[in-house]
Amino acid sequence: MGIFPADIFTEPTDVDPDTLANLGPLRRLAGTWQADKGIDLNPKADGPERRIFREHIVMEPIDPQANGPQLFYGLRYHIHINTPEEDITFHDQVGYWLWEPATGLVIQTVAIPRGQVLIASGQAKPDATTLELTATRGQTEYGICSTAFLEYAFRTDAYRIVISFEADGSWSYVTDTTLTVHGRPDPFAHRDQNTLRKIAEPEPNPLARLLKTKQG
């Protein structure tokens with residue numbers, strides 16, 4: 001606990017309102033992204049299933065966020081995935097990507113509508129070309145929380161995401177989720193991967209837009 005200050009209440013006063021200028025390595029994620037060649041490997045009763053999916057991601061800058069002296073800049077995101085075979089949503093996910101400039105801490109929060117949330121963390125420099133974040137079941141810091149049924153049937157023990165920023169402006173990810181499937185002796189390595197390309201630039205965060213309007 002020694003890494004934290006004694007004063008846990010006083011918020012910073014010199015906060016730059018422009019989130020896009022202060023996102024560090026997350027700046028490359030801002031915007032709207034699309035791809036149609038994602039690969040999902042998931043467990044089924046008859047064995048692993050490999051599916052190709054289409055993905056649409058919106059990453060919107062939010063206003064600076066303070067926990068007392070701790071300051072985050074971040075992106076609010078929404079992921080929508082379906083498959084060529086089905087129109088119904090294959091995967092839906094919301095959350096935040098957060099960057100703490102003072103420490104290099106990177107956080108991803110994940111919430112999916114099947115009853116699961118997690119917080120993953122990692123460290124990175126502002127000009128990092130790769131990000132690696134992890135979360136572990138049972139941890140109260142950067143952990144995983146699921147419904148009773150998921151704990152029973154498809155328990156998530158570990159989560160890892162690696163993002164690589166490409167020279168052409170695209171970015172790729174690989175997520176590895178370690179599952180304990182009910183009745184199976186060995187853990188299942190659930191993997192998703194894709195390469196996203198930008199289709200729209202991000203808007204500034206609400207405070208930055210408001211201040212620009214007031215300035216005329």
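Ile119 is partly exposed, with a relative accessible area of 36%. Here buried stands for a relative accessible area under 20%, exposed for over 50%, and partly exposed for values in between, with a 1.4 Å probe and protein chains only. The structure is a predicted model, in which local features need pLDDT of at least 70 and side-chain atom pairs count only at pLDDT 80 or more, while totals for chains, interfaces and linings use all residues. Residues are numbered from 1 along each chain as its sequence is written, and side-chain values use heavy atoms, with hydrogens and water left out.

## Ile119 and its surroundings

Ile119 has its place in strand β7 (residues 116-123). Helices (H or I, at least four residues) and strands (E, at least two) are DSSP runs that are numbered from the N terminus. A contact requires heavy atoms within 4.5 Å. When neighbours within four places in sequence are left aside, the contacts of Ile119 are Ile107, Gln108, Thr109, Thr134, Ala135, Tyr142 and Gly143. Pro202 is 83 residues from Ile119 along the chain, and 24 Å separates their C-alpha atoms.

Two of these contacts of Ile119, Thr109 and Tyr142, can be described further. Thr109 belongs to strand β6 (residues 105-112). Because its relative accessible area is 18%, Thr109 is buried. With neighbours within four places in sequence set aside, Thr109 is in contact with Tyr77, Val94, Gly95, Tyr96, Leu118 and Ile119.

Tyr142 lies in the loop between β8 and β9 (143-146). With a relative accessible area of 30%, Tyr142 is partly exposed. Tyr142 is not a glycine, yet it has a positive phi of about 60°.

## Strand pairing around β10

Two strands are said to pair if DSSP finds at least two bridges between them. Strand β8 (residues 130-137) pairs with strand β10 (residues 154-165) in the antiparallel sense, over seven bridges. Thr136 has Ala158 in β10 as its bridge partner. Strands β10 and β11 are also paired in the antiparallel sense, over eleven bridges, and Thr156 stands opposite Leu179 in β11. The hairpin of β10 and β11 has five residues between the strands, and in this hairpin Gly169 takes a positive phi near 95°.

Ile163 is placed in strand β10. Its relative accessible area is 1%, so Ile163 counts as buried. Apart from neighbours within four places in sequence, Ile163 is in contact with Leu29, Trp97, Thr129, Thr130, Leu131, Trp171, Ser172 and Tyr173. Between the C-alpha atoms of Ile163 and Thr129 there are 8.2 Å, although these residues are 34 apart along the chain.

## The aromatic cluster

Trp171 and Tyr173, both among the contacts of Ile163, also take part in aromatic pairs. Rings of Phe, Tyr and Trp (its six-membered ring) pair if their centres lie within 6.5 Å; planes under 30 degrees apart count as stacked, over 60 as edge-to-face and the rest as tilted. By this rule there are two aromatic pairs. Trp33 and Trp171 form an edge-to-face pair, with 5.8 Å from centre to centre and 80° between the planes. This pair links distant parts of the chain, as Trp33 is in strand β1 (residues 31-42) and Trp171 is in strand β11 (residues 171-181), 138 residues apart. Trp33 is buried because its relative accessibility is 0%, and Trp171, with a relative accessible area of 3%, is likewise buried. Trp171 also pairs with Tyr173 in a tilted arrangement, 6.1 Å centre to centre with 45° between the planes. Trp33, Trp171 and Tyr173 together form one aromatic cluster.

## Pockets

Rolling a probe the size of a water molecule over the atoms shows where empty space is left. On a 1 Å grid over the protein atoms alone, a pocket is an open set of points where a 1.4 Å probe fits, with protein on both sides within 12 Å along at least five of seven lines; lining residues have an atom within 4 Å of a point. Grid points are joined across faces, edges and corners, and a volume is the space filled by probe spheres set on the points.

| Pocket | Volume | Residues closest to the centre |
|---|---|---|
| Largest | about 890 Å³ | His91, Ile112, Arg114, His190 and Asp192, of 36 lining residues |
| Second largest | about 480 Å³ | Phe4, Pro5, Gln70, Glu100 and Thr103, of 17 lining residues |

Ala, Val, Leu, Ile, Met, Phe, Trp, Tyr, Cys and Pro count as nonpolar, Asp, Glu, Lys and Arg as charged, and the others, Gly among them, as polar. The lining of the largest pocket has 21 nonpolar, nine polar and six charged residues. In the second largest pocket, the lining divides into eleven nonpolar, four polar and two charged residues.
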